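Opening the notebook on a new model today. I want to go through one helix position, the cysteines and the empty spaces, in that order.

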Amino acid sequence: MRLLCGASLPSSALLAQQRSGLRRRHHHASVVLSSAAATADLSAPAPQPASPAWPGAKGVPLLLSVSLGLALRFLVPAPAGVTMQAWTLLSIFVSTIAGLVLEPLPVGAWAFLAVTTAVATKTLTFAAAFTAFTNDVIWLIVVSFFFARGFEKTGLGERVATIFVKLFGKSTLGLAYGLSVAEALIAPAMPSTTARAGGIFMPIISSLSISAGSKPNDESRKKLGAYLVQTQFQGSVNSSAMFLTAAAQNLLCMKLAGELGVTIGSAWITWFKVAVVPAVFGLLLTPLLLYKLFPPTITDTPEAPKLASERLQNMGPMSRDEKIMLGTMGCAVLLWVCGDALGISAVVTAMMGLCVLLLTGVLHWKECLQYPAAWDTLFWFAVLVGMSGQLNNLGVIGHFASAVGNKLVAANLGWKPVFFLLNGAYFVLHYMFASQTAHVGALYAAFLAMMLTAGVPAVIAALSLGFMSNLFGSITHFGSGQAAVYYGAGYLTLPEVFKYGALCATINLLLWAATGSVWWKVLGLF
């Protein structure tokens, strides 16, 4: 018994031995399982990495855009009186416009493909294809981008808008009017609706809304932010329509009108004089209308003037760069108004203004080079204008305008119904376009030619289509640069954009038709 007891291990030692055995068996099992798993992994096929997305052109939009042009060129016979060169160019132009709408590639890249096709097929010579790159209006638009950059960089635009918030911002309605008036004052010296929206007004609206507890992508957006964004979005089209230099597409309209033989003397003054009455009515009506139809839940904003005062205090007195920017733009606007009498063109005025900003260091050339929107616009804009001009030179636009215009004349409608009909059709077609300038480049010349053939007075025909080219900028979330900015802020839903865009567009059209007809009669335009 003692032997057995002596031979036996103490309980603690026995337990340790049992645990050691368990550990050895567990380790052995783990090794076996690991080996089996490794063998299984070796025998199983390795998972295939996900194939990267095609980095080039979007297939379906590319196919549709090219197919439209090919179908027109090879399946539709050229009308009598239209040469095969002209018909081929029209086919390329149709594919170009389809690509601007469907976007198989970025706009500039698609324009490069289009102009290369025109040259490679010998439809246009190299010189003819690139003739619009010396167009003074296009360079005026490019320089205008740099002016907009100066407003943003110096903070001058923000200061002006903040001052109006301080003056009018005690109520939500007053705040909306203050922002609208501020945009109307800034617009003629800052010819970019996108820059005004993204660089000045949307940041101010966001700051005011968040301070009032109105947050984007949240139910609280309806407290203040949704109303202010919608009002600024819908009202800004009237500011853009009021001044020739308030938007890039306005300048393009005047250039295309000139190519069709419509000469407008003192263009800046004439545009403003014709647009001012209906535009002011639109600016006054929009905030009040949306206050009733799309009301904010916060109607008093006593903190807004205080916040604006604090912001102005933080900004301090006007900086050297702000003073130079203000003086430069003041002189530029003055010369745009009086330039014709002095023999100084609008583009020369803009170039001199940019020279001042560069010489004083308000802007640096490197900043201009690093502003891709300006150079991208230069390229695709020039291609589009060049093609449109060549179509006019080859008689294509005149041919179709005469055909449609003669039918309208034969219908004995009179020029006034034709005027309203064509303006309305031009307006509604913007639902197909993602750019105001692209719309103008594609359709303005054709619609103006049809109006002229139907007997619409030349000046009112050219200017009314120019006004429409601004007023349709707020009907969708993609139809203009400012639309993308305001919708992207998160304060508006897509149904709200389309619903109130259509409503405000209808009211704007009726308002401009009613007040414009009376005012233009007073001015002796018809």
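Where does A109 sit? I looked it up, bearing in mind that this is a predicted model: A109 falls in helix α5, which covers residues 107–120.

Next I asked how open that spot is. A109 comes out as partly exposed, because its relative accessible area is 31%. I also picked a partner far along the chain, H430, which is 321 residues away from A109 in sequence. Their C-alpha atoms are 22 Å apart.

**Cysteines**

How many disulfides does the structure hold? I got zero. C338 is in no disulfide, and its nearest cysteine sulfur belongs to C331, 11 Å off. I noted C338 as partly exposed, since its relative accessibility is 32%.

Why is C355 without a bond to C368? The sulfur of C368 is the closest cysteine sulfur to that of C355, but the gap is 10 Å, so it is too far for a bond. The cut-off I hold this against is 2.5 Å between the sulfur atoms. C355 has a relative accessibility of 42%, so I put C355 down as partly exposed too.

**Largest pocket**

I then turned to empty space. Rolling a probe the size of a water molecule over the atoms shows where such space is left.

The largest pocket holds about 720 Å³. I counted 31 lining residues, and those closest to the centre are T194, S435, T437, S480 and G481.

Which helix gives the most to this lining? My note says α18, with five residues. The elements that each supply at least two lining residues are α7 (136–154), α10 (193–211), α12 (248–259), α18 (372–393), α21 (436–453) and α23 (481–488).

I split the pocket lining by class as well: 17 residues are nonpolar, 11 are polar and three are charged.

**Cavities**

How many cavities of 30 Å³ or more are there? I found three. The largest cavity has a volume of about 40 Å³. Its lining draws two or more residues from each of α13 (267–293) and α24 (494–523).

I wrote down the residues lining the largest cavity: G282, L285, T286, L289, C504, I507, N508 and L511. By class, that lining has five nonpolar residues, three polar ones and no charged ones. For the largest pocket, I had three charged residues in the lining.

Technical notes: Residues numbered from 1 in each chain as written. Predicted model: local features only at pLDDT ≥ 70, side-chain atom pairs only at ≥ 80, totals over all residues. Heavy atoms only, no water. Buried < 20%, exposed > 50% of the residue type's maximum accessible area, 1.4 Å probe, protein only. Helix = DSSP H or I, 4+ residues; strand = E, 2+ residues; numbered from the N terminus. 1 Å grid on protein atoms, 1.4 Å probe; cavity = no way out; pocket = protein on both sides within 12 Å on 5 of 7 lines; lining within 4 Å. Points joined across faces, edges and corners; volume = space filled by probe spheres on them. Nonpolar A, V, L, I, M, F, W, Y, C, P; charged D, E, K, R; others polar.
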